[in-house]
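The following exercises are intended to be worked with the sequence and the coordinates at hand. Please attempt each task before reading its solution.

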Amino acid sequence: MLRAARGVGGRPGQGRGCPPAGLEVQQIDTGAFADDDRQHQWLEGSGFERVRTWWQMSRPVTSDEATLTGSPDHWEQDGVVFRLVRRTGAGMPDESDLREVHEVLESAFVDHFNSYEETFEEFLFRLREDPGHRWDHWWLAELTDDETPQPVGALVGTVSESSSGPDGSYVAYLGVLEAARGRGVAKGLLRTIIADAASRGRDRVGLEVDADSPTGAAGLYTSMGWKTKYVTESWHRDVPVDPDQG
C-alpha cells in the first residue's frame, strides 16, 4: 500500500520485521508528543531526526446528524454514490470491493510522505489486526458519469471504544483519486462517517492529518468542525543493514 497522511488516507511507513534481501538501510520509526522536550532530547541523542508533524483532530457528533446523508449505507449526491463495501451471501465483505478500496488508497497517496508499496494481502492483514476494525466501517465512493460506476474514493473507519462514555468513530484512511478531486468526494465520505457515528449513538469522530499534507486536507476538516486536540511527531533513524545478520 502506498500511504501517508493518516486520516487523509494512510499511515507513515512502519517497520515490517526482517528487511528484505539486498536492503542496505532499515528505517526505524517512532513518535513523540510535540510538547515532550525530554523525549525529543532522548531521540536526538539516539540519532533520530524529526521528520513530520501530525495533528490529532476530533469532531463532536450530535444525534440529529444521523440524517445528514439519508442512509450512510448508500446515498448519492452530484453524480457520486457513497456506499458500504458489499457483503457476500455468507456475510463476509466482497473481495472485489475490498480490492477497489486498496487500489484507490494505493493511487491516492503515491506521492505522499513516507509512502511505500503494500500488497492487498498485507493491507488486509494489517487492518484486521486493529482492535477497532469493523467491516461495516468501510466505504467506497463511485462516480456515475458513465454506465459503469468508477471507484474514486475510499474511507476505512474504526471504532474508538470508551470505558467511561459513548464510543467514537475514527477515520483510519481516507483517499480520493486526483482526477476526482473537486467533486465533493472527500466531504461526502466524511459526512457519511459522521452520519453513521450519529446513528450508532457515538459522540465523536477522530482522525489524524499530516500538518504538511499536499492536498490541504486540514482546511477541509476544520471547515467541517474538526479541531486539533494535540500534536504528535514522527521521528526516523536509518540503520545500516549487516548482510551477514539474518
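The exercises below concern a predicted model and proceed from the whole chain to individual residues.

**Exercise 1. Confidence and overall composition**

Task: Determine how the confidence is distributed over the protein chain, and describe its secondary structure and its surface.

Solution.
Step 1. The mean pLDDT of the protein chain is 88, and 89% of the residues score at least 70. Residues 1–19 stay under 50 in pLDDT, and the model has 93 contacts beyond four places in sequence for this segment.
Step 2. Counting elements gives 5 helices and 9 strands. Read from the N terminus, their order is β-α-β-β-β-α-α-β-β-β-α-β-α-β.
Step 3. Of the 246 residues in the protein chain, 45% are buried. The accessible surface amounts to about 12600 Å², and carbon and sulfur atoms account for 47% of that area.
Step 4. Consider contacts between residues at least 6 apart in sequence: 73% of them join residues at least 24 apart.

**Exercise 2. The two faces of helix α3**

Task: Establish which residues of helix α3 are buried, which exposed residues lie on the face turned away from them, and what covers the buried side.

Solution.
Step 1. Helix α3 spans residues 120–128, and its buried residues are Phe 120, Phe 123, Leu 124, Arg 126 and Leu 127.
Step 2. Viewed along the axis of α3, these buried residues occupy directions within an arc of 170°, and therefore they line one face of the helix.
Step 3. On the face turned away from the buried side, the exposed residues are Glu 121, Phe 125 and Arg 128.
Step 4. The cover over the buried residues of α3 includes helix α2 (95–108) together with the strands β5 (133–143), β6 (150–160) and β7 (168–176).

**Exercise 3. Aromatic pairs around Trp 138**

Task: Characterise the geometry of the ring pairs that Trp 138 forms with Phe 123 and with Trp 135.

Solution.
Step 1. Two quantities suffice, because a pair of aromatic rings is described by the distance of the centres and the angle of the planes.
Step 2. The structure contains 6 aromatic pairs. In one of them, Phe 123 and Trp 138 have ring centres 5.9 Å apart and planes at 65°, an edge-to-face arrangement. Phe 123 belongs to helix α3 and Trp 138 to strand β5, so this pair links distant parts of the chain, 15 residues apart.
Step 3. Trp 138 also pairs with Trp 135, with 5.1 Å between the centres and 55° between the planes; this geometry is tilted.
Step 4. As to burial, Phe 123 has a relative accessibility of 0% and is therefore buried. Trp 138 likewise has a relative accessible area of 0% and is buried, and Trp 135 is buried too.
Step 5. Ring pairs join Phe 123, Trp 135, Trp 138 and Tyr 173 into a cluster.

**Exercise 4. The surroundings of Arg 59**

Task: Locate Arg 59 relative to Trp 226, Tyr 221 and Glu 65.

Solution.
Step 1. The charged end of Arg 59 is placed over the ring of Trp 226, at 5.9 Å from the ring centre.
Step 2. Tyr 221, a residue of helix α5 (residues 217–223), is separated from Arg 59 by 162 residues in sequence, yet their C-alpha atoms are 8.9 Å apart. The relative accessible area of Tyr 221 is 1%, so Tyr 221 is buried.
Step 3. Glu 65 lies in the loop between β2 (49–60) and β3 (74–77). Beyond four places in sequence, its contacts are Arg 59, Pro 60, Ile 194, Ala 195 and Ala 198.
Step 4. The relative accessibility of Glu 65 is 13%; since the cut-off for burial is under 20%, Glu 65 counts as buried.

**Exercise 5. Two exposed acidic residues**

Task: Describe the positions of Glu 49 and Asp 78, and state what is notable in the backbone of Asp 78.

Solution.
Step 1. Glu 49 is part of strand β2 and is exposed, with a relative accessible area of 54%.
Step 2. Outside its neighbours within four places in sequence, Glu 49 is in contact with Ser 234, Trp 235 and His 236. The C-alpha atoms of Glu 49 and His 236 are 5.3 Å apart, although 187 residues separate the two in sequence.
Step 3. Asp 78 lies in the loop between β3 and β4 (80–84), and its relative accessibility of 63% makes it exposed.
Step 4. Asp 78 is not a glycine, yet its phi is positive, about 50°.

How values were computed
Residues numbered from 1 in each chain as written. Predicted model: local features only at pLDDT ≥ 70, side-chain atom pairs only at ≥ 80, totals over all residues. Heavy atoms only, no water. pLDDT = per-residue confidence, 0-100. Contact = heavy atoms within 4.5 Å. Buried < 20%, exposed > 50% of the residue type's maximum accessible area, 1.4 Å probe, protein only. Helix = DSSP H or I, 4+ residues; strand = E, 2+ residues; numbered from the N terminus. Arc of directions from axis to C-beta. Phe/Tyr/Trp six-rings, centres within 6.5 Å; stacked < 30°, edge-to-face > 60°. Lys NZ or Arg CZ within 6 Å of the ring centre and 35° of its normal. Areas by Shrake-Rupley, 256 points an atom, 1.4 Å probe, with all protein chains shown as cover.
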